[in-house]
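Colleague: Please take a close look at a single part of this model, the contact between the two protein chains. I would like one connected account of that part, followed by what lies around it.

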There are 2 protein chains.
Amino acid sequence: MSVSTEKKKLIEEIGLQLESRLNLAPLAARIYTLLTLSSKEGLTFEQIREIIGSSKSSTSVNLKILMQLKHVDYYTKSGDRKRYFRITTYFQLSALKIDYQALENEILLVEKINSYNKVHHPEKFKNEESVGDIIRNYLKSRQTLIAETIDKINKHG
Amino acid sequence: MSVSTEKKKLIEEIGLQLESRLNLAPLAARIYTLLTLSSKEGLTFEQIREIIGSSKSSTSVNLKILMQLKHVDYYTKSGDRKRYFRITTYFQLSALKIDYQALENEILLVEKINSYNKVHHPEKFKNEESVGDIIRNYLKSRQTLIAETIDKINKHG
DNA sequence: AAATTAGTTCGTTTTGTTCCGAACTAGACG
DNA sequence: CGTCTAGTTCGGAACAAAACGAACTAATTT
């Protein structure tokens, strides 16, 4: 099976971003990318291995992780022992969901820093009292934006 | 120099989040946190070392990195060889700027994925043509939001 | 029942990260 | 000029993460 150079280049490139975006191991990110660039039919274990060039063990482990994270699932065909792996959602959608939760923590963090500084370094808050508020508003707006976007995407199935 | 337990706890806690948020090494994240929790006067090399308990070499290396990333700078007092290190911006502001740049890449990425899939898997685009558009719109809205927020903060500076 | 296929598990190797101490440099001061 | 102060650079130790191969299991198929 020969895979286009374009596809291979994209797997490297997108994989790299997924790695930090979704906090995946390099191989998991590459598998995920491969699957988002592949047809809805999904790919078998061996096809994935051939394209990416990974060992059976690493492929198995990383597919398992991707499945636990619900990024990937598989189906089977009767009279065929192979599993067909495919993505459950566009990675952008997964990223959005993860972002949404992360924002909760950031909001808390900003609160903590600001209240610490208000007590210990009131001079920082002469005319900057509102920086904390601006940031909190930003984070909240972002959450709203994400929620709306997820909604829109889900309506499209 | 005795530092409150509260401050130390915050350094650990916030540092942890900064690590993944801004992609900093643990020590860099702790130094950064310490400086955001400190007065505008800034801290010397040795003060940082005493509070955090880091070696000269690691402190030097990580301060250098923070300065290259423009998160931190220093000033000097005449007749005093020490440098006084301080944050250049509230970390939220740095984070915002980093986000903004990262979004450029994400937009490009989404375009690439969509155009790849349009060519190779047109069936994915029956009624999902718009998922790519939705995401692109989301990213653009987010950029606008960030730009507006940075603007607001700068007006307060 | 033996052989084949599809995937898993385990122990090891490879690679990368983080931090440190020791030796160094550059500038100010006596 | 020598010495002190403030920081830098380099090599390596300790640990963590990622991927591998070999041996295994479980479910067919012959």
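Modeller: The contact draws 32 residues from chain B and 33 residues from chain A. This is a predicted model, and what follows is computed from it. On the side of chain B that touches chain A, the elements that give two or more residues are α1 (5–21), α5 (91–120) and α6 (129–156) of chain B. Of these, α6(B) gives the most, with 12 residues. By class, that side of chain B divides into 14 nonpolar, 11 polar and seven charged residues.

The two copies are related in a simple way. A turn of 179° with a shift of 0.1 Å along the axis lays chain B on chain A with an RMSD of 0.8 Å. This is therefore the relation of a two-fold axis. In chain B, the C-alpha nearest that axis belongs to B:Arg142, 3.4 Å from it. Both copies use the same surface, since 100% of the contact residues of chain B recur in chain A.

One residue of α6 shows the contact in detail. B:Thr149 is found in helix α6 of chain B. B:Thr149 counts as buried because 22 other C-beta atoms lie within 10 Å, and the cut-off for buried is 20 or more. Leaving aside neighbours within four places in sequence, B:Thr149 is in contact with A:Ile134, A:Tyr138 and B:Leu96. The C-alpha atoms of B:Thr149 and B:Leu96 are separated by 8.5 Å, although the two residues are 53 apart along the chain.

The nonpolar cores also draw on both chains. The largest nonpolar core has 33 residues, and those with the most contacts inside it are B:Ala28, B:Ile31, B:Tyr32, B:Leu35 and B:Val72. At least two residues of this core come from each of α5 (91–120) and α6 (129–156) of chain A, and likewise from each of α1, α2, α4, β2 (80–87), α5 and α6 of chain B. The largest share, seven residues, comes from α2(B). A second, separate core of 32 residues includes A:Leu34, A:Leu43, A:Phe85 and B:Ile113.

Within the largest core, B:Val72 can be followed outward. Not counting residues up to four places away in sequence, B:Val72 touches B:Tyr32, B:Leu35, B:Leu63, B:Leu66, B:Met67, B:Phe85, B:Arg86, B:Ile87 and B:Thr88. In chain A, helix α2 is mostly covered, with 10 of its 11 residues buried. Among the buried residues of α2(A) are A:Ala28, A:Ile31, A:Tyr32, A:Leu34 and A:Leu35; A:Leu34 is also included in the second core.

The overall form of chain A gives the setting. Chain A has six helices and two strands, which run α-α-α-α-β-β-α-α from the N terminus on. Its radius of gyration is 21 Å, whereas a compact globule of 157 residues would have one near 15 Å. Taken along the principal axes, the C-alpha atoms of chain A fill a box of roughly 70 × 35 × 30 Å. Of the 157 residues, 29% count as buried. Among contacts between residues at least 6 apart in sequence, 56% join residues at least 24 apart.

Both chains also take part in the surfaces near the DNA. Around DNA strand C there are 22 residues, of which A:Phe45, A:Ser57, A:Ser60, A:Arg83 and B:Ser57 are the closest. The elements that give two or more residues there are α3 (45–52) and α4 (56–68) of chain A, together with α2 (26–36) and α4 (56–68) of chain B. The most come from α4(A), with six residues. That surface divides into six nonpolar, eight polar and eight charged residues.

Around DNA strand D there are likewise 22 residues, and A:Ser57, B:Phe45, B:Ser57, B:Ser60 and B:Arg83 come nearest. Here the elements that give two or more residues are α2 (26–36) and α4 of chain A, with α3 (45–52), α4 and β2 of chain B. The most come from α4(B), with six residues. By class, the surface near DNA strand D has six nonpolar, eight polar and eight charged residues.

Conventions
Residues numbered from 1 in each chain as written. Chains lettered and ligands numbered in written order. Predicted model: local features only at pLDDT ≥ 70, side-chain atom pairs only at ≥ 80, totals over all residues. Helix = DSSP H or I, 4+ residues; strand = E, 2+ residues; numbered from the N terminus. Rg over C-alpha atoms; globule rule 2.2 N^0.38 Å. Buried ≥ 20, exposed ≤ 12 C-beta atoms within 10 Å, placed from the backbone. Contact = placed C-beta atoms within 7 Å. Near = placed C-beta within 6 Å. Nonpolar A, V, L, I, M, F, W, Y, C, P; charged D, E, K, R; others polar. Least-squares fit on C-alpha atoms with pLDDT ≥ 70 in both. Core = buried A, V, L, I, M, F, W, Y, C linked by C-beta atoms within 7 Å.
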